[in-house]
Amino acid sequence: KTYLGLAIALVLGFLIIAPFMRWFVYGPIINEATALIRVCDAVGVGDLSSRVANPSASELGMIGRSLNAMLDTTVTLVQSREERDLMQKSVMKLLDEISGVAEGDLTVEAEVTADMTGALADSFNFMIAELRGLIGQVQGTTRRVSSSLTELRSFTATLANGSESQAAQ
């Protein structure tokens, strides 16, 4: 009878303690595991803004904090890639706009934008404008030299005719 009474007491004690164990021991573990699963599922479909809310001091909480830190780093890297891609796109656009200069087209002007290539485009436009001015000066000087040579040729022809006529006299 003692063993039977002890067995009944143990079974009753277990039946009374089991819900409390479920509530106070397994409940927090299941909640944290569920939170981790939710975040992992969200990341799996591309939601990098999902985080484990209020991770506890337990081992699962440490995993939650590590997962949050990893996601923060990943978001930073993804943004860096997007910024790099935008910068590369801007540089390619600028190179496209100024490619005519290599073929001698000095009428080309790059679009000045607010991004980082805007300053480059502005500098390029200034350089091309200065180059146009310099080429204009060279053309003006060339015209004056050509005009002077024409006058010199005319003067030389006059002298030659005068020399021939003097020689004939």
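Which residues does Thr117 touch, not counting residues up to four places away in sequence? Thr117 touches Ser90, Val91 and Leu94, where contact means heavy atoms within 4.5 Å. The legends below set this residue and several others in their surroundings.

This is a predicted model, in which local features need pLDDT of at least 70 and side-chain atom pairs count only at pLDDT 80 or more, while totals for chains, interfaces and linings use all residues. Residues are numbered from 1 along each chain as its sequence is written, and side-chain values use heavy atoms, with hydrogens and water left out.

**Figure 1. The whole chain, with its three helices and zero strands.** Read along the sequence, the pattern is α-α-α; helices (H or I, at least four residues) and strands (E, at least two) are DSSP runs, numbered from the N terminus. The C-alpha trace spans about 165 × 20 × 20 Å along its principal axes. The radius of gyration, taken over C-alpha atoms, is to be read against a globule rule of 2.2 Å times the number of residues to the power 0.38; the chain has 43 Å, whereas a compact globule of 169 residues would have a value near 15 Å. Buried residues make up 16% of the 169 residues, where buried means under 20% relative accessible area, exposed over 50%, and partly exposed in between (1.4 Å probe, protein chains only). Of the contacts in the chain with a separation of 6 or more, 40% are between residues 24 or more positions apart. The chain exposes about 13100 Å², of which carbon and sulfur atoms supply 65%, with accessible areas from the Shrake-Rupley method and a 1.4 Å probe; for residues, only the protein chains shown count as cover.

**Figure 2. Close-up of Thr117 in helix 3 and Ser90 in helix 2.** Thr117 counts as buried because its relative accessible area is 4%. Ser90 also has the label buried, because its relative accessible area is 16%. Leaving aside its neighbours within four places in sequence, Ser90 is in contact with Asp115 as well as with Thr117. Between Thr117 and Arg65, which are 52 residues apart in sequence, the C-alpha to C-alpha distance is 39 Å.

**Figure 3. The largest nonpolar core, seven residues in all.** Its members are Leu94, Ile98, Leu106, Ala110, Ala121, Phe124 and Ile128; a nonpolar core is a set of buried Ala, Val, Leu, Ile, Met, Phe, Trp, Tyr and Cys residues joined through side-chain atoms within 4.5 Å. Helix 2 (59-102) and helix 3 (117-168) each supply at least two residues of this core, and the largest share, three residues, comes from helix 3. Apart from this core lies another, of six residues, among them Ala35, Leu36, Leu67 and Leu71. In soluble globular proteins, nonpolar side chains tend to be buried together.

**Figure 4. Close-up of Leu106 and Asn125, which lie 9.8 Å apart in space, C-alpha to C-alpha.** In sequence, Asn125 and Leu106 are 19 residues apart. Leaving aside its neighbours within four places in sequence, Leu106 is in contact with Val101, Ile128, Leu131, Arg132 and Ile135. Asn125, found in helix 3, counts as buried because its relative accessible area is 12%. Not counting residues up to four places away in sequence, Asn125 touches Glu109, Ala110 and Val112.

**Figure 5. Close-up of Leu48 and Ser50 in the loop between helix 1 and helix 2.** Leu48 is partly exposed, with a relative accessible area of 25%, whereas Ser50 is buried, with a relative accessible area of 15%. Not counting residues up to four places away in sequence, Leu48 touches Val43, Leu71, Thr74, Val75 and Val78. The C-alpha atoms of Leu48 and Val78 are separated by 9.7 Å, although these residues are 30 residues apart along the chain. Ser50, leaving aside its neighbours within four places in sequence, is in contact with Val39, Ala42 and Leu71.

**Figure 6. Close-up of Asn54, in the loop between helix 1 (2-44) and helix 2.** Phi of Asn54 is near 50°, a positive value in a residue other than glycine. Most residues other than glycine have a negative phi. Asn54 counts as exposed because its relative accessible area is 76%.
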